[in-house]
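This report describes the surroundings of a bound ligand and the aromatic pairing in a protein. Please consult the sequence and the structure shown here.

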Amino acid sequence: MSRQVYINGTLRPEEQAVVSVFDHGLLYGDGVFEGIRVYNGNVFLLSEHIERLYESARAIRLEIPLAPSDMEDAVRQTVAANDLTDGYVRLVVTRGAGTLGLDLRRTSDPQIIIIADTITMYPQEMYDNGLKLVTASTIRNHPAALSPRVKSLNYLNNILAKAEGSDAGSEEALMLNHRGEVAECTGDNIFIVKKGIIRTPPPEAGILEGITRAAVMKLARDADLTVLETPLERHDIFTADECFLTGTAAEVIAVVELDGRVIGTGKPGPVTRKLLTAFRSLTQGP
Ligand code: PMP
């Protein structure tokens, strides 16, 4: 069955959901997006995703021609139209069509696109045994170039970093920031556990402030675990007891090796497993 794609207020069969070749989203990667999960027919942490989308848009001077509450309704409507109980929503807002040239005043009509689809996750084996990471030579964007906190349509440096991971046989790759500190992975945030304390890089480290990251930090604190946002070096990962990633697609997944060096016992650790269980029950609702 053809997917029903929401585009500017209308649901259309995917073949008819098209944008202009003059759209600056295509020409320059000028736009913002979100990836959101659907569990049991519920759109998970929708308002958090919508808030981040509007913040990303504001940061790039893009005015979304729809109120946030209407955007939430549009997402739910698209999920319902596709009979999706478990899946993934891709919400995109582009700058819209304009002249060839960077001037954003010569664009009009931002395009709002919502795709509801199924999701392919990491194989179960990786949840059981953990991921192996390599450090990419491609760094996160310098905050003075494009804030890494903006979830923009410009993902090229992450794409190139991910390719470095794939070349090395890893599903994910670690990205450092311009100071050489640990930032995050290409599509996931990173945490370590050392002597029972959970640490993750702060926003100033050049990360995307993951919605899953925030949810997992809250779950950990609710379970009386200490969570600190502190700068991390690769050294901290090599010497950690546990390491794990969080992300909309990944949920919570252990990392057991970085650059060929075993982390902790080399198996998913107890804190990681506890947080994965807590996170999965959160996704299933009250
Ligand atoms: N970092 C980057 C660069 C991402 O693209 C993502 C989302 N795929 C994440 C972290 C995780 O964020 P979230 O938990 O909101 O999916």
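A residue counts as near a molecule if one of its heavy atoms lies within 4 Å of that molecule. In this predicted model, 16 residues surround the ligand, and those that come nearest are Tyr155, Glu184, Ile211, Thr212 and Thr248. By residue class, the shell around the ligand consists of three nonpolar, eight polar and five charged residues.

Among the polar contacts of the ligand are the following pairs.

| Residue | Protein atom | Ligand atom | Distance |
|---|---|---|---|
| Tyr155 | side-chain N or O | oxygen | 2.4 Å |
| Thr212 | side-chain N or O | oxygen | 2.6 Å |
| Gly187 | backbone N or O | nitrogen | 3.2 Å |

On its own, the ligand has 390 Å² of accessible area, of which the protein covers 92%. The largest pocket is the space that the ligand takes.

Tyr155, which contacts a ligand oxygen atom through its side chain, also takes part in aromatic pairing. Across the whole structure, four aromatic pairs are found. One of them joins Phe33 and Tyr155: the ring centres are 5.2 Å apart and the planes stand at 70°, so the pair is classed as edge-to-face, the cut-off for that class being over 60 degrees. This pair links distant parts of the chain, with the two positions 122 residues apart in numbering. Phe33 belongs to strand E3 (residues 31-39), whereas Tyr155 lies in the loop between strand E9 (131-135) and helix H5 (156-167).

Key. Residues numbered from 1 in each chain as written. Predicted model: local features only at pLDDT ≥ 70, side-chain atom pairs only at ≥ 80, totals over all residues. Heavy atoms only, no water. Polar contact = N/O pair within 3.5 Å; in protein donor to acceptor, adjacent residues only side chain to side chain. Areas by Shrake-Rupley, 256 points an atom, 1.4 Å probe, with all protein chains shown as cover. 1 Å grid on protein atoms, 1.4 Å probe; cavity = no way out; pocket = protein on both sides within 12 Å on 5 of 7 lines; lining within 4 Å. Sits in = over half its atoms within 2 Å of the grid points. Nonpolar A, V, L, I, M, F, W, Y, C, P; charged D, E, K, R; others polar. Phe/Tyr/Trp six-rings, centres within 6.5 Å; stacked < 30°, edge-to-face > 60°. Helix = DSSP H or I, 4+ residues; strand = E, 2+ residues; numbered from the N terminus.
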